[in-house]
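Reader: Please take a close look at how helices pack in this model. I would like the contacts residue by residue, with the geometry behind them, and then the surroundings of one helix in detail.

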Amino acid sequence: MKIGQRWPEDEMYKWGSYFGLALKHQLEIIMDYDIKREDIEIPDTLPLLPVRDVVIFSYMILPLFVGREASINAVDKAFSKNRLIFLTTQKDPTIEDPIPQDIYKVGTVAMIMRTLKLPDGRIKILVQGLVRGRIKNFVQQKPYYIANIDTIEEPSLTALPMEAEAMMRSIKEQSEKVLSLRGILSSDVLMVLNSIEDPGRLADLVVSNLRLKIEEAQEILETFDPIDRLIKVNELLGKEVELSTMQAKIQSQAKEEMTKTQREYFLREQLRAIKNELGDVDERTKEINEFRKKIKKAKMPKEVNKEANKQLDRLQQMHPDAAEASIVRTYLDSLIELPWSISTKDNLDIKAAKEVLDEDHYDLEKVKERILEYLGVRKLSKKKRGPILCFVGPPGVGKTSLGKSIARALGRKFTRISLGGVRDEAEIRGHRRTYVGALPGRIIQGIKQAGSNNPVFMMDEIDKVGADFRGDPSAALLEVLDPEQNSAFSDHYLNVPFDLSNVMFITTANLVDPIIPALKDRMEVITLSGYTEEEKLKIARKFLLPRQLEENGITEKDMIISDKAILQTISHYTHEAGLRNLEREIASICRKVARKIAEGEKGVFKVNKGNVHKYLGTPKHLPEEEQEVSQAGVATGLAWTQAGGEILHIEASTMKGKGNLTLTGQLGDVMKESAQAALSYARSRAKDLKLNADFYEKQDTHIHIPAGAIPKDGPSAGVTMATALISALTKIPVNKDVAMTGEITLRGRVLPVGGLKEKALAALRAKIKTVLIPERNKKDLDDIPNFVKKKINFVFAKNMDDVLDVTLLRGKSVATKRAGGIQANRKNKE
């Protein structure tokens with residue numbers, strides 16, 4: 001084709017897609033449109049066209065889109081004159097109006113072979129590189145660049161050195177390999193490639209088709225020696241061969257995998273068609289039919305049944321090996337396995353239920369009464385919803401085992417989950433099915449494991465639920481434990497409502513305070529306090545000892561343990577409100593007896609108070625010693641702990657000073673405030689107490705509570721500290737046989753406190769016969785066992801005057817009381 005001949009537009013669009021074409025197309029173009037360099041006379045001054053993202057080499061033919069006004073003017077000037085233009089690359093392609101410093105000095109003189117004006121105002125030109133050139137200087141910069149050019153002619157090589165011939169042969173072979181790997185090798189291309197004998201031309205032709213960075217391509221362009229250029233191109237082409245080999249390998253593997261998958265699919269479809277012709281049902285159809293039967297058998301609610309069939313229809317349309325198919329199968333299995341219509345029949349025989357509860361647990365009358373009330377209501381009304389109970393008490397008092405006993409008494413299934421440490425809301429509500437490995441929440445999983453829609457559902461450690469960035473599980477439990485909402489509980493995974501209104505929820509906690517108020521409001525809180533020593537003795541006899549005898553392979557004929565030995569174990573080897581440590585100690589005794597029997601010792605092993613230390617070792621806990629004599633400044637208080645009640649001997653001393661109050665014994669803020677209130681009360685009543693009006697200015701006061709390593713806090717020690725303080729100031733002894741509890745105010749009023757049962761038991765253990773309590777706690781005496789009320793005299797106090805009347809031994813000096821106590825002790829010893 002000659003220069004100036006008009007191109008058809010479809011041929012122009014063919015050239016428009018040239019940028020980035022493979023070497024094959026470049027060679028074909030050269031065959032059709034090659035222009036001889038020696039036929040062109042190149043002037044010294046030429047219009048300059050800065051190009052972006054491409055470096056133009058000699059003999060390179062490619063289309064360019066020209067859009068900048070200065071560039072269009074340069075093209076028009078060149079095309080109207082001799083069609084020659086100098087093409088050089090911008091250093092930064094993002095610059096819209098480059099200055100001379102933004103343009104590489106070395107470029108290529110090119111011939112504009114064709115132009116085509118586009119509708120958007122741009123010009124598309126087809127150029128062929130002729131010869132390298134270097135800018136000497138810029139003649140003009142506006143409205144377009146004109147520069148003085150020095151052309152750089154290729155040195156003529158009459159005879160190629162052997163190294164150059166070897167390099168050219170290597171480049172041709174590697175080019176053939178690249179074309180072969182890309183599947184575009186033809187005999188015509190090979191012929192043209194092998195016909196190139198000029199090393200510089202071969203190097204430029206190959207490098208122009210490698211995807212190089214602008215800096216790398218410009219470095220090749222500025223390498224004027226053909227041999228040096230061949231060496232660099234050979235290295236670059238080697239990398240291209242490696243990349244093409246790897247690319248071909250990857251494509252081959254992908255194609256093989258795709259072919260294998262398609263082949264398997266067609267074979268399965270053919271197999272299914274053959275089985276249909278023979279009347280056999282394929283595995284996929286069998287699975288779908290099985291799901292339909294199970295959905296019908298599950299007797300789901302209308303809304304749930306609709307969703308299940310919808311998902312089943314989706315599964316039927318999916319490929320069996322699709323990733324989502326397994327997700328839908330798991331979801332359908334979860335729906336089918338839930339007990340939508342399966343429930344157990346309640347045992348409404350109240351007497352039989354009472355026998356079961358009494359058989360499993362000693363005492364706990366409040367809890368048993370509440371369960372029997374529920375049964376009575378269920379017997380009269382079939383629509384009664386399940387109660388939501390919260391058992392609160394220290395560890396080991398039987399909260400969890402009580403839930404199992406309730407399920408047995410009602411004839412219901414029992415399921416249990418532990419909420420301790422749960423921090424993710426999804427643990428309760430489930431994960432959405434969009435997540436990988438999504439599962440229903442623990443509520444729905446527990447219902448599925450129970451196998452009925454009305455089990456006794458126990459949630460342990462509800463006071464230990466945490467919260468973090470994943471949500472607050474306590475808030476999620478609000479819906480579960482609300483009788484008005486849980487009839488349509490929606491799990492995120494199921495996304496359909498499930499009726500929890502028939503479930504009897506029982507939660508357990510050690511403390512009520514950590515439970516959020518909204519959640520606490522939805523539950524009926526029943527407090528399980530600690531057991532007395534007498535109660536622990538009966539429980540050990542009835543439950544713990546028989547169980548440990550059986551577990552350790554011995555019988556009652558092999559070992560006899562006395563009541564006093566058990567009481568000794570309770571008081572000296574355990575320190576708890578519950579029974580876990582007591583059972584461990586009994587198990588330890590049983591193991592030692594079992595070992596002796598296994599070693600061949602004969603006879604009955606008797607464990608009593610005198611030899612229990614041989615089985616359990618040195619006592620681990622020593623009870624608080626009772627006071628030998630009544631002393632001034634020492635009062636006996638009562639405290640509540642998680643392990644039960646304790647007695648505290650609060651001591652107060654006065655000494656010369658400046659009115660300072662010292663508090664020791666690791667007291668909390670509330671106890672410190674109580675001590676301040678006690679001192680203020682004593683100062684305000686100085687005249688009535690026969691104290692000097694300025695007594696506090698001339699003496700310091702020190703209040704100490706022993707067991708200083710143990711933190712203590714709470715308001716119930718107020719009256720005890722006030723009594724000890726007033727006793728120390730007035731030098732009047734405090735009756736050692738009186739223990740007290742109550743909060744004090746500045747006006748001397750005695751306010752009610754909690755934990756009265758545990759405190760009364762502590763007083764009984766310490767052999768204290770009189771307990772002083774706030775008058776407003778009189779109602780709490782109903783919770784105290786009768787045997788305790790028979791042994792302890794409860795005295796009620798409205799104010800501190802009532803307290804002092806009972807506790808202070810007025811008319812007896814400290815010395816007299818101490819002497820009387822010493823004489824009494826001597827007589828007892830004699």
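Author: In this predicted model, the α9 residues Arg284, Ile288, Phe291, Arg292 and Ile295 are in contact with α10, where they meet Asn305, Ala308, Asn309, Leu312, Asp313, Leu315, Gln316 and Gln317. By class, the residues of this contact are six nonpolar, four polar and three charged. Helix α9 covers residues 283–298 and helix α10 covers residues 302–317. Their axes come within 11 Å and cross at roughly 180°. Angles over 145 degrees count as roughly antiparallel, and therefore α9 is roughly antiparallel to α10.

The helix to examine in detail is α3. Helix α3 has 13 residues, 69–81. At 1.5 Å a residue the expected span is 18 Å, and the C-alpha atoms at the two ends lie 19 Å apart, so the two values agree.

Which residues of α3 are buried? Ser71, Ile72, Ala74, Val75 and Ala78 are. These residues are on the same side of α3, because the arc they cover around the axis is only 160°. What do the buried residues of α3 pack against? Their partners are strands: β1 (45–51), β2 (61–66), β3 (84–89), β4 (106–117) and β5 (123–140). On the face turned away from the buried side, α3 carries Glu69, Ser80 and Lys81, which are exposed.

Both flanks of α3 can be described too. Ahead of the helix, Arg68 sits in the loop between β2 and α3. Its relative accessibility is 11%; buried means under 20%, so Arg68 counts as buried. Leaving aside residues up to four places away in sequence, Arg68 touches Pro50, Arg52, Gln90, Ile95, Glu96 and Pro98. Arg68 is also 10.0 Å from Leu49, C-alpha to C-alpha, with their positions 19 residues apart in sequence counted as separation. At the other flank, α3 is followed by Arg83, which has a positive phi near 65°.

A loop residue elsewhere in the chain can be set beside Arg68. Pro711 belongs to the loop between β19 (699–704) and α25 (718–730). With a relative accessible area of 60%, Pro711 is exposed, whereas Arg68 is buried. Pro711 and Gly668 are 43 residues apart in sequence, and their C-alpha atoms are 7.1 Å apart in space.

Definitions and conventions. Residues are numbered from 1 along each chain as its sequence is written. This is a predicted model: local features need pLDDT of at least 70, side-chain atom pairs count only at pLDDT 80 or more; totals for chains, interfaces and linings use all residues. Side-chain values use heavy atoms; hydrogens and water are left out. Axes are lines fitted to C-alpha atoms, for helices over the stretch in contact, and angles run from 0 to 180 degrees between N-to-C directions. Helices (H or I, at least four residues) and strands (E, at least two) are DSSP runs, numbered from the N terminus. Angles under 35 degrees count as roughly parallel, over 145 as roughly antiparallel, 65 to 115 as roughly perpendicular and the rest as oblique. Contact means heavy atoms within 4.5 Å. Ala, Val, Leu, Ile, Met, Phe, Trp, Tyr, Cys and Pro count as nonpolar, Asp, Glu, Lys and Arg as charged, and the others, Gly among them, as polar. The expected span of a helix is 1.5 Å times one less than its number of residues. Buried means under 20% relative accessible area, exposed over 50%, partly exposed in between (1.4 Å probe, protein chains only). The arc is that of the directions from the helix axis to the C-beta atoms.
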